[in-house]
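I set aside this session to look through one model, going from strands to helix to surface and charge. These are my notes, in the order in which I looked things up.

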Amino acid sequence: MQNTVKKTAIKEIFTSIQGEGLYVGEKHIFVRFCHCNLACKYCDTDFSVSNAKKYDIDELYNILSGLDVETVSFTGGEPLVEVDFLLNFLEKYKNKLNKRIYLETNGTLYDNLLKIIDYVDIVAADIKLQSVTNEENRFDINKKFLKIANKKETFVKIVFDNNITYEEIITCCKLAKENNNTIVLQPKMPLSPDIRIEKIFDLFYKNYKNIRLIPQVHKFLNLL
Ligand code: SF4
């Protein structure tokens, strides 16, 4: 049953250039939520809610509709933690807002994704690898997630460093191949001086050809 969420804490709402994934370089509105269900080792997200502001769905609509930018990127944290708020918002305002809805997600909360997938246009789904996050691999969960995500345009993002294992590479390629998803490989930042980018890329490429290497561009350009 759907819960009505009156207000939720949002860390920030801002416009900037998308710095990751297949839509890199586009102007997006970013709506950054505060919480996450994972705890990746390299995470640089500030999860404190002390400097977040609470918004209801009408206030959020008023802000987004006043910005002359075509795409809204819901990000975090993990935006699907706030699924009831998002569902309330999208049910009421998706059509009226008339903007593309882009979901940046860690690819784990598939039940929550199911609730809002009809309102989402693009899913940027991370597969979080144990070798780099210290979180356990959740490939079975990622598989269920991608099955739902692929009702809409979806690509897979993988952050890696030299610790990536061959088994992780094979499994990620298999998951992406099953759904014909592009894999965006993103070296972990800051770049380690000895990172073997081309070697790791080639290991992926041997197993799956629909791969692109796209670093976090906003960090090179000093954008938000
Ligand atoms: S999924 Fe993203 S926001 Fe959550 S802990 Fe990992 S890096 Fe941080």
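The entries below cover strand pairing, one helix, one surface patch and the salt bridges, all in a predicted model.

**Strand β2.** I began with strand β2, residues 27-33, and found that five of its seven residues are buried, so this strand is largely enclosed by the rest of the structure. I then looked up its partners: β1 (residues 8-17) runs antiparallel to β2 and is joined to it by seven bridges, while β4 (residues 71-75) pairs with β2 in the parallel sense over four bridges. Phenylalanine 30 of β2 appears in both pairings, since I find it opposite phenylalanine 14 and also opposite serine 73 in β4.

**Helix α5.** Which residues of helix α5, residues 139-149, are buried? I noted Phe139, Asn142, Phe145, Leu146, Ile148 and Ala149. As a reminder to myself, residues three or four places apart in an α-helix point the same way, because there are 3.6 residues a turn. The buried residues of α5 pack against the strands β5 (100-105), β6 (122-126) and β7 (153-160), and also against the helices α3 (110-116) and α6 (166-179).

**A link from α5 to α6.** I next turned to lysine 143 and glutamate 178, which form a salt bridge with the closest N and O atoms 3.3 Å apart. The pair links distant parts of the chain, with glutamate 178 in helix α6 and lysine 143 in helix α5, 35 residues apart. Both ends are partly exposed, glutamate 178 at 41% relative accessibility and lysine 143 at 38%.

**Other salt bridges.** My count for the model comes to 14 salt bridges. In one of these, the side chains of lysine 11 and aspartate 46 meet at 3.5 Å, N to O, which connects strand β1 with the loop between β2 and β3 (53-55) across 35 residues. Here lysine 11 counts as buried at 14% relative accessibility, whereas aspartate 46 is partly exposed at 41%. Lysine 128 and aspartate 126 meet at 2.8 Å, N to O, and I find lysine 128 buried at 17% and aspartate 126 buried at 8%. These two belong to a network of salt bridges that also links Glu20 and Lys157.

**Surface patch.** Finally I looked up a nonpolar surface patch of about 370 Å², which is made by Leu191, Phe220, Leu221 and Leu223. Leucine 221 lies in the segment after α8 (217-220), and counts as exposed because its relative accessibility is 51%, the cut-off being over 50%.

Terms used: Residues are numbered from 1 along each chain as its sequence is written. This is a predicted model: local features need pLDDT of at least 70, side-chain atom pairs count only at pLDDT 80 or more; totals for chains, interfaces and linings use all residues. Side-chain values use heavy atoms; hydrogens and water are left out. Buried means under 20% relative accessible area, exposed over 50%, partly exposed in between (1.4 Å probe, protein chains only). Helices (H or I, at least four residues) and strands (E, at least two) are DSSP runs, numbered from the N terminus. Contact means heavy atoms within 4.5 Å. Two strands pair if DSSP finds at least two bridges between them. Patches are made of residues with over 30% relative accessible area and no salt bridge: like charges are joined within 9 Å, nonpolar side chains (Val, Leu, Ile, Met, Phe, Trp, Tyr) within 5 Å. Accessible areas come from the Shrake-Rupley method with a 1.4 Å probe; for residues, only the protein chains shown count as cover. A salt bridge is a side-chain nitrogen of Lys or Arg within 4 Å of a carboxyl oxygen of Asp or Glu.
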